[in-house]
Amino acid sequence: MSVDLRLSGGTVATPSGSVEADLLVHGGKIAGLVSRDTPVEATTTVDVTGKHVLPGMVDVHVHTREPGYEHKENIETTSRQAAAGGVTTIFGMPNLNPPTTNVETLTDVFERYAKTSIVDWNHNPAPTQWDDIQAMADMGINAYKIYMVVDTGRTYPHPAGTGMHDHGHLLRMMDEIAKTGKRFIIHPHDQALMDYIEGEVLARGENTPQGYASAYAARSGVIWDTAIDVILRLSEAADCPIHIAHIQTKRSIEAVRRAKARGVDVTCEVNHWGPFLSTWDDVERLGPYALSYWVPDEGREAIWQGMRDGTIDMCSSDHAPHTREEKEVGWTEMWSAHTGTPGIQYYYPLLLDAVNKGQLTLERVVDLVATRPAASFGLAGLKGELTVGADADVVVADMASPWTITHDGVLSKIGWTCYDGREISARIDRTYVRGTEVFADGQVTGTPGHGRMAAANHGGN
Ligand SMILES: [Zn+2]
């Protein structure tokens with residue numbers, strides 16, 4: 001027997017736990033796990049003694065900004081950060097220009113990924129054009145995405161065609177999506193409540209990061225909780241699998257826990273800023289550069305608990321880059337600043353650091369970043385786990401290698417990170433996408449266009 005690649009000497013995270021074994025890769029797939037002394041020839045053998053061999057992250061919530069906002073980012077630069085951050089599959093979002101709402105725009109964006117993405121990819125279009133919902137499913141998507149906001153037709157962040165607040169329309173979307181078997185990602189938000197709450201804050205003259213953060217967190221997060229209650233109920237009414245983006249309040253995490261117990265097919269995600277960048281101190285220090293959602297302590301405790309007990313299914317970056325100019329205005333006019341913050345390059349390392357700090361087990365991190373997102377979005381057995389026959393999307397992590405995140409290391413076009421100066425204890429050494437090295441020893445080595453579409457292995461599901 002001879003294989004393409006042997007990762008030798010590491011501790012491999014498998015679905016049945018960590019094992020001391022060598023990982024074999026052939027033809028882009030995991031070919032086997034063997035003991036150290038098993039004589040299998042390999043074209044390339046990499047010594048990973050003392051390192052952890054983990055599945056690559058499957059990040060279902062990524063804003064590549066292409067097409068339409070390439071001054072912030074593009075698919076290639078996003079995928080370079082992914083490779084460096086141990087992310088082997090990305091799902092893009094539809095708030096682009098033109099917004100991804102039909103077969104034509106989805107075809108265009110697929111062609112862009114195929115040309116320039118280093119890592120594997122898919123894309124979540126908005127289901128606002130009824131006639132194209134099934135047709136887009138047939139093109140191989142794994143999910144749809146809507147912003148639960150009033151569609152005001154503005155350009156950013158919720159371009160025309162990506163927002164839907166009307167409950168009747170949301171139910172109809174769920175009815176249509178249920179027929180496709182795909183999952184429906186929803187950005188929860190209650191605009192009517194927000195209009196009232198914003199009005200109070202702005203009337204006090206608080207058009208500041210602090211005012212913005214306090215508005216979104218007002219009354220224990222009522223704008224999130226009411227929206228999530230509605231979409232959970234609609235999902236039950238339509239029997240439509242849903243995914244809740246950026247969950248952050250204690251009450252909504254409890255609502256998801258109860259819904260799961262009732263058998264509702266709901267998954268939810270937490271973004272990097274939830275556990276790592278959401279204190280009031282972060283809001284004051286980083287101002288518009290933080291999201292700036294403020295998660296009060298009880299929310300952050302609920303996030304960590306939800307990550308530990310599995311109520312929170314997955315960690316997705318919500319990588320959302322903006323230029324410094326687009327952010328700076330927010331110090332005095334926060335409601336004019338572009339909101340969102342980048343993070344795809346650092347989420348996995350931050351979670352590995354959390355393992356070293358005893359906040360999560362390595363098994364939970366693997367499930368949160370890889371196994372569960374893959375399984376929830378139609379990629380079970382193909383992505384997200386190191387089992388024989390699965391794609392060899394592999395990360396080699398050094399759990400004992402302290403380093404400091406700095407602006408200089410950012411591979412995004414925008415050149416800044418909210419984590420500048422943060423010391424962490426673990427790093428990504430190497431990343432492989434279907435057996436091909438795309439990142440090693442601090443350098444992105446993958447080729448644009450290497451990435452392939454990560455589509456469900458059987459149609460309609
Ligand atoms: Zn987002």
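**Exercise 1. Second largest cavity**

State the volume of the second largest cavity in this predicted model, and sort its lining by class.

Solution.
- Step 1: The second largest cavity holds about 40 Å³ of space.
- Step 2: Its lining is made up of Pro55, Gly56, Val58, Thr88, Lys383, Gly384, Glu385, Leu386, Asp391 and Asp393.
- Step 3: Sorted by class, this lining gives three nonpolar, three polar and four charged residues.

**Exercise 2. Largest cavity**

Find how many cavities of 30 Å³ or more there are, and describe the lining of the largest cavity.

Solution.
- Step 1: The count is two cavities of 30 Å³ or more.
- Step 2: For the largest cavity the volume is about 50 Å³.
- Step 3: The residues lining the largest cavity are Gln81, His319, Pro342, Gly343, Ile344, Gln345, Tyr346, Val410, Ser412, Trp416 and Thr417.
- Step 4: Five of these lining residues are nonpolar and six are polar, with no charged residue in the lining.

**Exercise 3. Zinc site**

Identify the donors of the zinc ion and their spacing along the chain.

Solution.
- Step 1: His61 and His63 each coordinate the zinc ion through NE2, and Asp318 does so through OD.
- Step 2: The coordination distances run from 2.0 to 2.2 Å.
- Step 3: Along the chain, the donors of the zinc ion are spaced as H-x1-H-x254-D.
- Step 4: Both His61 and His63 are buried.

**Exercise 4. Cysteines**

Count the disulfides, and explain why Cys240 and Cys418 are not bonded to another cysteine.

Solution.
- Step 1: A disulfide is a covalent bond between the sulfur atoms of two cysteines. The cut-off for the pair of sulfur atoms is 2.5 Å.
- Step 2: For Cys240, the closest cysteine sulfur belongs to Cys268 and lies 16 Å away, which is too far for a bond.
- Step 3: For Cys418, the closest cysteine sulfur is that of Cys315, at 18 Å, so this pair is also too far apart for a bond.
- Step 4: The count of disulfides is zero.
- Step 5: Cys240 has 2% relative accessibility and Cys418 has 5%, so both count as buried.

**Exercise 5. Overall fold dimensions**

Decide whether the protein chain is as compact as a globular protein of its length.

Solution.
- Step 1: The protein chain contains 14 helices and 21 strands.
- Step 2: Its radius of gyration is 21 Å, and the globule rule gives 23 Å for 461 residues. The two values are close, so the chain is as compact as a globular protein of that length.
- Step 3: The C-alpha trace spans about 70 × 45 × 40 Å along its principal axes.
- Step 4: Of the 461 residues, 61% are buried.

Methods. Residues are numbered from 1 along each chain as its sequence is written. This is a predicted model: local features need pLDDT of at least 70, side-chain atom pairs count only at pLDDT 80 or more; totals for chains, interfaces and linings use all residues. Side-chain values use heavy atoms; hydrogens and water are left out. On a 1 Å grid over the protein atoms alone, a cavity is a set of points where a 1.4 Å probe fits but cannot get out, and a pocket is an open set with protein on both sides within 12 Å along at least five of seven lines; lining residues have an atom within 4 Å of a point. Grid points are joined across faces, edges and corners, and a volume is the space filled by probe spheres set on the points. Ala, Val, Leu, Ile, Met, Phe, Trp, Tyr, Cys and Pro count as nonpolar, Asp, Glu, Lys and Arg as charged, and the others, Gly among them, as polar. Buried means under 20% relative accessible area, exposed over 50%, partly exposed in between (1.4 Å probe, protein chains only). Donors are N, O and S atoms within 2.8 Å of the metal (3.2 Å for Na, K and Ca); water is not among the atoms, so sites may look incomplete. Helices (H or I, at least four residues) and strands (E, at least two) are DSSP runs, numbered from the N terminus. The radius of gyration is taken over C-alpha atoms; the globule rule is 2.2 Å times the number of residues to the power 0.38.
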